[in-house]
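Reader: Hi! I am new to protein structures, and I would love some help finding my way around this one. Could we go through it together, one question at a time?

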Amino acid sequence: MTDSVQEDEVRRAALHTRRRFLTVSGAAMALAFGTNLASRDTAEAVAVNLRSDPFTLGVASGDPLPTAVVLWTRLAPEIFDPMGGMPDKTFEVQWQVATDERFRHVVRAGTATARPEYRHSVHVDARGLEPGREYFYRFRSANHLSPTGRTKTAPERRASALRFGIASCQAYPDGYYTAYRHLVEEDLDVLLFLGDYLYENAVNTVAGDRFDTSANVPDVFQTSPVTLDQYRLFYSLYKADPDLQAGHAALPWIVTWDDHEVVDNYAGAVKGAVPTEDFLVQRANAYRAYWEHMPLRTEQLPEGPDAKLYRRFDFGDLMQVSVLDTRQYRNASPSPTITGEEQMNWLLDGLGESRARWNVIANQVMMAEQRTTLTDPPRLNVDAWDGFTEDRRRLFDGIVEREVEGVCVVTGDTHTNYANDLRQNFADANSRTVGVEFVGTSISSGRDGFDTSPQLDLQLQANPNTKFVNGQRGYVTFEVNRDRMRADYRVLPYVTQPGAPVSTRTSFVVERAEPGLKDV
């Protein structure tokens, strides 16, 4: 792809967001930021000489707290260069947060350091903000101004309503990210991304034509990533997509990973049959590249092959979100666990201490029992919680023992929509319902998908706890008040061509006082 085509495509990202984003000239920008473009600082002087826009990967925000939110960008004027087209030097990047999109009322501002060892990614923990408020943010590097992003802090105390969404699984070769064009119009407060942000599969073909018609897929993407620079380049490829950039710029994201951010179906330190030192090096590379490209705090910065990604967010007294990591700590034998002991204790303690009306568990893989055959015994998906039944039993029993109410699990992974009642004992049809699970389909993985199939019909027959199943692409949105939650399954008829419309396939409600799914 030519530089001009690439730049034009990426810059269009800002145009697809829910609001109009402002761009200004270099001179006006200098006045807006209150700085002199001819700075004496060495790093700044080098930045002035950047020949092209360094904000090709857009902007993002995430992990909202009542008075803080993470702001992200990365300087990369050349997307497909291992160094991003940047010199091996430290750069200063200025940032602003305002209450209006024209930045007439700037409430926070500062300077961040973009370091070459992190490929000039920037993670600003913008603090001192007001709870439950919309903000706008932007970055500046010399005479280049980033797109404007919109974000929102979490409410602090009593909250009456919240809108959030879930998304997952966006294989780049499989289709366009049209779902994000629609998602930014939903006016959500936060998005929970539940894993498989990228896929480690080689990109040999691309649905439709995401590249310039005169160019082929660059050679670097025709091999699965293993090294740190290879993972970084894959993130550059994904994040150059204008619809994905629009999704990030429109609202804060809370992210977690599944397996494809490293390699398919890995478990803890194991890829394949046994742990190897080579795989831990690969996992360290993948984790590092993930942090560099996500709106995460420094607490999530990996140390070698380890990173603490499980964490918790409070949205006033209305909703608590516990974000899980079901890959890093899982172990298939001799004592199978999907969470590990420390994370399970953290989850149960948090649920027991929660004073929120709704307790949401952001989870990667299906938690409900999912029989895929009518045989006895049935076939189960052992890569999901069905392969770790002792952990599931411990969690469900812990919910009952601690009298936790308003339990809602949100899940990705399957490229399929499901709506499940979560029973304390799936073998007993009269067993207590401890919560509900909403499984969201993929953004693009699996290509166009389908409404139903004989296999999906069989799953409905085999699983009385499952109330809905659908194989189309899309996302799920939620409206939450103090006593009721509504989930809308938003689906697209195709993704292998751009411009698909979106519609609501079905909806469910959950009453906090009476756990279980109800039709709207």
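**A guided look at the chain**

Author: Happy to help! This is a predicted model, and the protein chain exposes about 19,900 Å², with carbon and sulfur atoms supplying 46% of that area.

Reader: How many helices and strands does the protein chain have?

Author: Let's take the chain as a whole before looking at details. It is 520 residues long, and 59% of them count as buried. As for its secondary structure, the protein chain has 10 helices and 22 strands.

Reader: Of the contacts with a separation of 6 or more, what share comes from residues 24 or more positions apart?

Author: Here we leave aside pairs with a separation below 6 and look at the contacts that remain. Among those, residues 24 or more positions apart account for 70%.

Reader: Which helix gives the most to the largest nonpolar core?

Author: Nonpolar side chains tend to be buried together in soluble globular proteins. In this model the largest nonpolar core has 47 residues, and Tyr 180, Trp 253, Val 262 and Tyr 290 have the most contacts inside it. Several elements each supply at least two residues of this core, including helix H4 (178-183), strand E10 (190-193) and helix H7 (277-293). The one that gives the most, with 7 residues, is H5.

Reader: And how many residues are in the other core, the one that lies apart from it?

Author: Look for Val 323, Ala 362, Val 480 and Phe 508, which are among the members of that other core. It lies apart from the largest one, and its number of residues is 33.

Reader: Is Cys 169 buried or exposed?

Author: First find Cys 169 in the loop between strand E9 (161-167) and H4. Its phi is positive, about 60°, although it is not a glycine. Buried means under 20% relative accessible area. Cys 169 has 0% relative accessibility, so it counts as buried.

Reader: Where is Arg 119?

Author: Arg 119 also has a positive phi, of about 50°, although it is not a glycine. At 10% relative accessibility, Arg 119 counts as buried. Its place is in the loop between strand E4 (106-114) and strand E5 (121-127).

Reader: Which residue does a cis peptide bond join to Asp 376?

Author: The bond to look for has an omega of about 5°. The partner of Asp 376 is found in the loop between strand E14 (358-363) and helix H9 (389-401). That partner is Pro 377.

Reader: What is omega for the cis peptide bond from Ser 333 to Pro 334?

Author: You will find Pro 334 in the loop between strand E13 (319-323) and helix H8 (341-353). The bond that leads to it from Ser 333 is cis, with omega near -5°.

Reader: What distance separates the C-alpha atoms of Leu 380 and Gln 370?

Author: Leu 380 lies in the loop between E14 and H9, and it is partly exposed, with a relative accessible area of 30%. Among the residues it touches are Gln 370, Thr 372 and Asp 386. Leu 380 and Gln 370 are 10 residues apart along the chain, and their C-alpha atoms are separated by 6.1 Å.

Reader: How many residues in the lining of the second largest pocket are polar?

Author: This pocket holds about 270 Å³ of space. Its lining includes Met 366, Gln 370, Thr 372, Asp 413 and Tyr 418. Of the lining residues, 3 are nonpolar and 1 is charged, while the number of polar ones is 6.

Definitions and conventions. Residues are numbered from 1 along each chain as its sequence is written. This is a predicted model: local features need pLDDT of at least 70, side-chain atom pairs count only at pLDDT 80 or more; totals for chains, interfaces and linings use all residues. Side-chain values use heavy atoms; hydrogens and water are left out. A nonpolar core is a set of buried Ala, Val, Leu, Ile, Met, Phe, Trp, Tyr and Cys residues joined through side-chain atoms within 4.5 Å. Buried means under 20% relative accessible area, exposed over 50%, partly exposed in between (1.4 Å probe, protein chains only). Helices (H or I, at least four residues) and strands (E, at least two) are DSSP runs, numbered from the N terminus. On a 1 Å grid over the protein atoms alone, a cavity is a set of points where a 1.4 Å probe fits but cannot get out, and a pocket is an open set with protein on both sides within 12 Å along at least five of seven lines; lining residues have an atom within 4 Å of a point. Grid points are joined across faces, edges and corners, and a volume is the space filled by probe spheres set on the points. Ala, Val, Leu, Ile, Met, Phe, Trp, Tyr, Cys and Pro count as nonpolar, Asp, Glu, Lys and Arg as charged, and the others, Gly among them, as polar. Contact means heavy atoms within 4.5 Å. Accessible areas come from the Shrake-Rupley method with a 1.4 Å probe; for residues, only the protein chains shown count as cover. Lists of a residue's contacts leave out its neighbours within four places in sequence.
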